[in-house]
Amino acid sequence: MWRELAPVGRHPDSGGYRRYAWSAADLDCRAWFRTQAEARGLTYEADRNGNQWAWLGDPLAGDAVVTGSHLDSVPDGGAFDGPLGVVSSFAALDELRSRGVAFTRPLAVTNFGDEEGARFGLACVGSRLAAGQLTVADAHRLRDADGISLPAAMESAGYDPEVIGPDPERLARIGAFVELHVEQGRALDLTGDPVGIASAIWPHGRWRFDFRGEANHAGTTRLADRRDPMLTYAETVLAARREAGLTGALATFGKIAVEPNGVNAIPSLVRGWLDSRAADQATLDAVVTGIERAAREYADRAGIGLDVVRESFTPVVEFEHALRDELAKILEGAGDTGRPVPVLGTGAGHDAGILSASVPTAMLFVRNPTGISHSPAEHAAEDDCTAGVRALADVLEGLACS
């Protein structure tokens, strides 16, 4: 499975993946998912929001155990973020069948659409729509960098955008959702454990900062006469690092758009996107407030206009304690190390976090020896991936089998 999926959407120069929602690469990933489902005799379906499902047992029976993740990527992303969870889900099902277990609950593998938000700027679109956390009107307003709307992109890919929306009946049939994911940090590497259990997802959000100055000639305008928004933006980037360091949070300006974007032109507009995350809401509020306050002070001093817009926000997600404890019990019973499975928080958002308001959810993490993610250098060792498959199979057996 890994060899078949690995070339899809991989850029020849960067070595990273560009599997953007509803693009040709995304459609190839979707075709791969359907092929894997049908090869195993599973019932395949795509729901009203374009999320894919592969069912073992009756999809309408209720109390189903669902596992899976996503197949799309960030720009020049790594091979493991998302796909490891989907591949491991199919592999775990194969492992359970080889064990000869009897399933007492329906089981499904899923691929949630547009988890990364790389094309339309909003993460977890497929799961947000299903959970009613994204309105149809707001979804229809989403545009990519070329001005193509989400409905137009879905329609060109053969999906009907007129039927998207909340899917409470489907979610009500799910008794538990378990998502396996490569760890996007080094906690497991530091403890020496191949697999861990998620405790919570930090609150996080994205804010757009629009710095408005005055376009002018770079070769003739005196420094004293300039209203250069790039300088104010640069000072704000440094302020973000400083505020994050003071509060123990994370703050990153990772995307920027400049107008008129000429080498010999002073910008008229610099638009930067802030991603910020923290262990609790109060800390997140403090760091973002501090960054905005600093940005406004710099802007006022330089005669620069500033607008700040919160584009997305996800509050803290505490995974259901009962399900989390059950996973720990299952894995500790199946292990032979005599030590508890580590439980760790994460600053990364996931579909499991979105669904947690509607469905009991849990997550497993597989060790990432470098901690690098959202990069072609993202990696997990084959032995650790295999341990992740075994752990997921053990969990699914404990939840869905007699």
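Where do Glu292 and Arg296 lie, and how many residues apart are they? Both sit in helix α10, four residues apart, or about one turn of the helix. This is a predicted model, and in it the two side chains form a salt bridge, with the closest N and O atoms 3.0 Å apart. Neither partner is fully tucked away or fully out in the open: Glu292 comes in at 25% relative accessibility and so counts as partly exposed, and Arg296, at 33%, also counts as partly exposed.

That pair is one entry in a longer list, since a search of the whole structure turns up 23 salt bridges. Helix α3 (residues 83–99) offers another pair spaced by four residues, about one turn of the helix, namely Arg99 and Glu95. Their side chains meet in a salt bridge at 2.8 Å, N to O. Arg99 has 30% relative accessibility and is therefore classed as partly exposed, while Glu95, at 26%, is partly exposed as well.

Other bridges reach between elements. Glu235 pairs with Arg301 in a salt bridge whose closest N and O atoms are 3.6 Å apart. Glu235 belongs to helix α9 (residues 229–247) and Arg301 to helix α10 (residues 281–302), so this pair ties together parts that are 66 residues apart in sequence. Here the two ends are not equally accessible: Glu235 is partly exposed at 30% relative accessibility, whereas Arg301 is exposed at 60%. Beyond the pairs, there is also a network of salt bridges that links Arg208, Asp210, Arg212, Arg271, Asp307 and Glu311.

Helix packing comes next. Two packed helices are described by the angle between their axes and the distance between the axes. For helix α11 (residues 321–334) and helix α13 (residues 382–400), the angle is about 115° and the axes are 9 Å apart. The crossing of α11 past α13 is right-handed. On the α11 side, the contact is made by Leu323, Glu326, Leu327, Ile330, Leu331 and Ala334, which meet Ala391, Asp394, Val395, Gly398 and Leu399 of α13. Sorted by character, the residues of this contact come out as eight nonpolar, one polar and two charged.

Several buried residues are worth a look one by one. Ser199 lies in strand β6 (residues 195–201). With a relative accessibility of 16%, below the 20% cut-off, Ser199 counts as buried. A polar atom of its side chain lies 3.3 Å from the backbone nitrogen of Gly345. Leaving aside residues up to four places away in sequence, Ser199 touches Val317, Glu318, Phe319, Arg324, Val343, Leu344 and Gly345.

Thr314, in strand β12 (residues 305–314), is buried too, at 9% relative accessibility. The side chain of Thr314 is joined to that of Arg128 by a polar contact of 3.2 Å. With residues up to four places away in sequence not counted, Thr314 touches Arg128, Trp202, Pro203 and His204.

Arg128 turns up again among the neighbours of Leu122: not counting residues up to four places away in sequence, Leu122 touches Asp114, Gly117, Arg128, Leu134, Leu142, Arg206 and Ser312. Leu122 is located in the loop between β4 (107–111) and α4 (125–131), yet it is buried, at 10% relative accessibility. As for distance across the model, the C-alpha atoms of Leu122 and Ala249 are separated by 21 Å, with their positions 127 residues apart along the chain.

Finally, the backbone has a few oddities. Most residues other than glycine have a negative phi, and most peptide bonds are trans. Against that background, Glu259 and Pro260 are joined by a cis peptide bond, with omega about 0°. Pro260 is placed in the loop between β9 (250–259) and β10 (265–266). Asp63 has a positive phi, near 55°, despite being a residue other than glycine, and is placed in the loop between β2 (52–56) and β3 (64–69). Asp63 counts as partly exposed, at 44% relative accessibility. His374, not a glycine either, has a positive phi of about 55°. The loop that holds His374 runs between β15 (361–366) and α13, and at 40% relative accessibility His374 is partly exposed.

Definitions and conventions
Residues are numbered from 1 along each chain as its sequence is written. This is a predicted model: local features need pLDDT of at least 70, side-chain atom pairs count only at pLDDT 80 or more; totals for chains, interfaces and linings use all residues. Side-chain values use heavy atoms; hydrogens and water are left out. A salt bridge is a side-chain nitrogen of Lys or Arg within 4 Å of a carboxyl oxygen of Asp or Glu. Helices (H or I, at least four residues) and strands (E, at least two) are DSSP runs, numbered from the N terminus. Buried means under 20% relative accessible area, exposed over 50%, partly exposed in between (1.4 Å probe, protein chains only). Axes are lines fitted to C-alpha atoms, for helices over the stretch in contact, and angles run from 0 to 180 degrees between N-to-C directions. A crossing is left-handed if the near helix is turned anticlockwise from the far one by less than a right angle, and right-handed if clockwise. Contact means heavy atoms within 4.5 Å. Ala, Val, Leu, Ile, Met, Phe, Trp, Tyr, Cys and Pro count as nonpolar, Asp, Glu, Lys and Arg as charged, and the others, Gly among them, as polar. A polar contact is a pair of N or O atoms within 3.5 Å; within protein, one must be able to donate a hydrogen and the other to accept it, and residues adjacent in sequence count only if both atoms are side-chain atoms.
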